[in-house]
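Hi,

Here is the structure I said I would pass on to you. Have a look at it first, and then read my notes underneath.

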Amino acid sequence: MKIGYLGPKGTFSEEAVIKYTQGVENCEVVEFNTIPEVINCISNSLCEEAVIPIENSIEGSVNIAVDMLINDANGIMIKGEVIIPISHCLISDAPVEFKDVHCILSHQQAIAQCREYISKKFPNAEIKATDSTAQAVLGVKSKPGVVAIGPERAAVIYGMRIIDRDIQDVKENYTRFLVLSQKDGVVTGKDKTSIVFSVPNVPGSLYNALGVLANKKINMTKIESRPSRKKLGEYVFWVDIEGHREDEIVKSVLEELKGRTDFLKVLGSYPKFK
Ligand SMILES: O=C(O)C(=O)C[C@]1(C(=O)O)C=C[C@@H](O)C=C1
């Protein structure tokens, strides 16, 4: 089985894939350069599964991933989730004094997770976004005064130097990743279901939709709104609930929700990460 992820080797996404595939035999990992390419590897059948970052405890959603799953990802379903701790290092090729750092490279999610650190230590440095943290680590090779923010593992793989550790603005930092496939997960008894829907723009319509969950005592573990992309002020809601779409109670919730929403899509049911 082939599993796509955001490469090159050494990204946090690779760490999530390693955790997800622990004990699984016969899987081959395939690197892609950007998160959209990772998502598309399922629709164009390059891989059977793909692992993508979806939300972080400091910075919130990875919008590109959320928006693609809402808008573009027909035929792609969520079949699992993985959560890993995220510790960012400051990485350079050669020894460097903080005062000589003039440019910082990293993935925009990583930059956002270290915003306070960057503005305190390097108020004047130029910040350049890369497609992944490991790409940033590769980018500091033979570049004096240029540093990367990324995983310790990437520094080790590419033989770079760690200048500082645990530099994210909140020490306890976690990112949740989703496992995508053409099918979602089987019933395990400890599942979650992700859905997206929109409601009519009239008073009480979101309340009315969420009321279905309240009435059936279904726990909601996440709610997020994203722009509908059709009109300013119109939103689509992403909601995670406990239970599998094949559970009778969840089936009845989804049926009732159909009548209270303009559009409803089930992104998949999958085992809750332990
Ligand atoms: O660049 C990486 O290392 C990634 O795997 C991407 C990513 C993300 O987009 O959220 C994954 C985990 C961290 O939150 C920072 C970056």
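Let me start with what the database says. In an unreviewed UniProt entry, residues 2-182 are listed as "domain: Prephenate dehydratase". Across that span the chain is 29% helix and 33% strand, and the C-alpha atoms at its two ends sit 13 Å apart. There is a second annotation too: UniProt, again in an unreviewed entry, gives "domain: ACT" for residues 194-271. That stretch comes out at 28% helix and 38% strand, with 11 Å between its end C-alpha atoms.

Keep in mind that this is a predicted model. The protein chain has an average pLDDT of 97, and 100% of the residues score at least 70. For the model as a whole, ipTM is 0.97 and pTM is 0.96.

**How the chain divides up**

The domain assignment splits the protein chain into domain 1 (2-86 + 174-181), domain 2 (89-164) and domain 3 (191-271). Notice that domain 1 is written as two pieces, 2-86 and 174-181. If you want a distance to try out in your viewer, the C-alpha centres of domain 2 and domain 3 are 40 Å apart.

**Around the ligand**

So where does the ligand lie? Domain 1 and domain 2 both contribute residues to the shell around the ligand, so it lies between them. The shell has 15 residues, and the ones that come nearest are Thr11, Ser13, Pro53, Ser132 and Thr133. Four elements each supply at least two shell residues: the helices α1 (12-20), α4 (108-113) and α6 (133-139), plus the strand β3 (49-56). By type, the shell holds seven nonpolar residues and eight polar ones, with no charged residues.

**A helix with a buried face**

Next, find helix α3, which runs over residues 63-71. Which of its residues are buried? Those are Ala65, Val66, Leu69 and Ile70. Looking down the axis of α3, you would find these buried residues within an arc of 130 degrees, so they line one face of the helix. It helps to remember that an α-helix has 3.6 residues a turn, so residues three or four places apart point the same way.

**Some backbone spots to check**

Gly7 and Pro8 are joined by a cis peptide bond, with omega at about 0 degrees. You can find Pro8 in the loop between β1 (2-6) and α1.

Two residues that are not glycine have a positive phi. One is Ser45, with phi near 55 degrees, in the loop between α2 (35-43) and β3. Is Ser45 buried or exposed? There are 10 other C-beta atoms within 10 Å, and a residue with 12 or fewer counts as exposed, so Ser45 is exposed. Arg229 also has a positive phi, of about 70 degrees, and sits in the loop between β13 (220-227) and β14 (235-242). Arg229 counts as exposed as well, because it has 10 C-beta neighbours inside 10 Å.

For contrast, go to Val253 in helix α9 (residues 248-258). Val253 has 21 other C-beta atoms within 10 Å, so it is buried. Val253 and Asn26 are 227 residues apart along the chain, and their C-alpha atoms are separated by 38 Å.

Cheers

Definitions and conventions. Residues numbered from 1 in each chain as written. Predicted model: local features only at pLDDT ≥ 70, side-chain atom pairs only at ≥ 80, totals over all residues. Near = placed C-beta within 6 Å. Nonpolar A, V, L, I, M, F, W, Y, C, P; charged D, E, K, R; others polar. Domains from an automatic or database assignment. UniProt positions renumbered as here; feature names shortened; annotations may be inferred. pLDDT = per-residue confidence, 0-100. Buried ≥ 20, exposed ≤ 12 C-beta atoms within 10 Å, placed from the backbone. Arc of directions from axis to C-beta.
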